[in-house]
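This report describes the fold of one protein chain and some of the side-chain pairings found in it. Please keep the sequence and the structure in view while reading.

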Amino acid sequence: MEYLKTMVAADGAGSVLKELMESYGQDVWNYAYFLTKRRDAADDISQDVFLRAFRHLKDFQGRSSVKTWLLTITRNLSLNYLKSSFISKVSLVGWLTTRQAGPSAEMEFMDAEAVSQIWKHVMQLPQAYREVLLLEFHFQLTRKEMAELLGIPEGTIKSRLHRARERMESLLKGEDAQ
């Protein structure tokens with residue numbers, strides 16, 4: 001909070017916006033894409049997030065981290081997009097993990113396939129469960145930060161995470177988790 005205000009005073013809002021985009025741009029885009037499942041929507045939403053953040057820098061009170069603040073804006077804009085637009089069929093895209101130098105093509109394929117299968121199972125979960133898993137594992141938010149971001153009690157976060165893990169375990173074992 002004070003850090004942002006100090007930067008705005010010293011370097012101007014444009015410098016702060018640039019730093020926010022460099023620090024959090026990929027996280028914002030990934031979250032928007034996760035929620036909308038559309039690259040074009042994630043691009044547009046990401047731009048809107050940073051425009052809104054720029055316009056409201058002076059209003060940021062520091063009750064949460066900057067990352068949580070930006071992800072909250074991202075979530076709200078993504079949900080508004082989903083409510084107001086026609087969503088076409090979704091094609092699932094596996095997210096690849098960082099590789100060490102020199103793995104064989106066969107190992108790369110097997111690793112990518114494993115990651116793809118995990119994300120296909122994650123995408124089968126109800127949105128509430130998918131969302132808390134993504135926030136915990138990809139964005140590494142605490143339960144408190146997730147509760148602030150989603151506007152729900154920490155206990156609800158805890159139970160959603162527990163149920164999401166149980167469903168994922170069933171899906172990974174090949175059981176029907178409906």
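The text below moves from the overall fold to single helices, and then to pairs of side chains.

## Overall fold

The model described here is predicted. The protein chain contains eight helices and zero strands. Read from the N terminus, its elements follow the order α-α-α-α-α-α-α-α. Of the 178 residues in the protein chain, 37% are buried. Among contacts with a separation of 6 or more, 65% join residues that are 24 or more positions apart.

## Helix α6 and what follows

Helix α6 covers residues 127–138. How far apart should the ends of its 12 residues be, at 1.5 Å a residue? The expected span is 16 Å, and the end C-alpha atoms are 15 Å apart, which agrees. The buried residues of α6 include Tyr129, Arg130, Val132 and Leu133. Glu131 and Glu136 are also buried in α6, and both return below as partners in salt bridges. After α6 comes Gln140, which has a positive phi near 55°.

## Helix α7

In helix α7, the residues Met146, Ala147, Leu149 and Leu150 are buried. They lie on the same side of α7, because the arc they cover around the axis is only 165°. Just after α7, Gly151 has a positive phi of about 70°.

## Salt bridges

The structure has four salt bridges. Three of them are set out in the table, each with its N to O distance.

| Acidic residue | Basic residue | N to O distance |
|---|---|---|
| Asp40 | Arg38 | 2.9 Å |
| Glu131 | Arg75 | 2.8 Å |
| Glu136 | Arg165 | 2.6 Å |

In the pair of Asp40 and Arg38, Asp40 is partly exposed, with a relative accessible area of 40%. Arg38 is partly exposed as well, at 23%.

Which helices hold Glu131 and Arg75, the partners of another salt bridge? Glu131 lies in helix α6 and Arg75 in helix α4 (residues 66–84), so the pair ties together parts that are 56 residues apart in sequence. Both Glu131 and Arg75 are buried.

Glu136 forms a salt bridge with Arg165. Glu136 belongs to helix α6 and Arg165 to helix α8 (residues 154–172), so this pair ties together parts 29 residues apart in sequence. Glu136 is buried, whereas Arg165 is partly exposed, with a relative accessible area of 35%.

## Aromatic rings

A pair of aromatic rings is described by the distance of the centres and the angle of the planes. The structure contains three aromatic pairs. In one of them, the rings of Tyr31 and Phe139 have centres 5.5 Å apart and planes at 75°. The pair is edge-to-face because an angle over 60 degrees counts as such. Tyr31 lies in helix α2 (residues 13–36), while Phe139 lies in the loop between α6 and α7 (143–150), so the pair ties together parts that are 108 residues apart in sequence. Tyr31 and Phe139 are both buried.

Another pair is formed by Phe60 and Trp69, with ring centres 4.7 Å apart and planes at 40°, so this pair is tilted. Are these two residues buried or exposed? Phe60 counts as buried at 5% relative accessibility. Trp69 is also buried, with a relative accessible area of 16%.

A ring may also have a charge over it: the charged end of Arg39 sits over the ring of Tyr33, 5.5 Å from its centre.

## Two buried polar residues

Asp27 is located in helix α2. Its relative accessible area is 19%, and Asp27 counts as buried because the limit is under 20%. Leaving aside residues up to four places away in sequence, Asp27 touches Lys67, Leu71 and Phe139. Phe139 is thus a contact of Asp27 and the ring partner of Tyr31.

Ser78 is part of helix α4. Ser78 is buried, with a relative accessible area of 0%. What does Ser78 touch, not counting residues up to four places away in sequence? The residues in contact with Ser78 are Ala32, Leu35, Thr36 and Ile45.

How values were computed. Residues are numbered from 1 along each chain as its sequence is written. This is a predicted model: local features need pLDDT of at least 70, side-chain atom pairs count only at pLDDT 80 or more; totals for chains, interfaces and linings use all residues. Side-chain values use heavy atoms; hydrogens and water are left out. Helices (H or I, at least four residues) and strands (E, at least two) are DSSP runs, numbered from the N terminus. The expected span of a helix is 1.5 Å times one less than its number of residues. Buried means under 20% relative accessible area, exposed over 50%, partly exposed in between (1.4 Å probe, protein chains only). Rings of Phe, Tyr and Trp (its six-membered ring) pair if their centres lie within 6.5 Å; planes under 30 degrees apart count as stacked, over 60 as edge-to-face and the rest as tilted. A charge sits over a ring if NZ of Lys or CZ of Arg is within 6 Å of the ring centre and within 35 degrees of the ring normal. A salt bridge is a side-chain nitrogen of Lys or Arg within 4 Å of a carboxyl oxygen of Asp or Glu. The arc is that of the directions from the helix axis to the C-beta atoms. Contact means heavy atoms within 4.5 Å.
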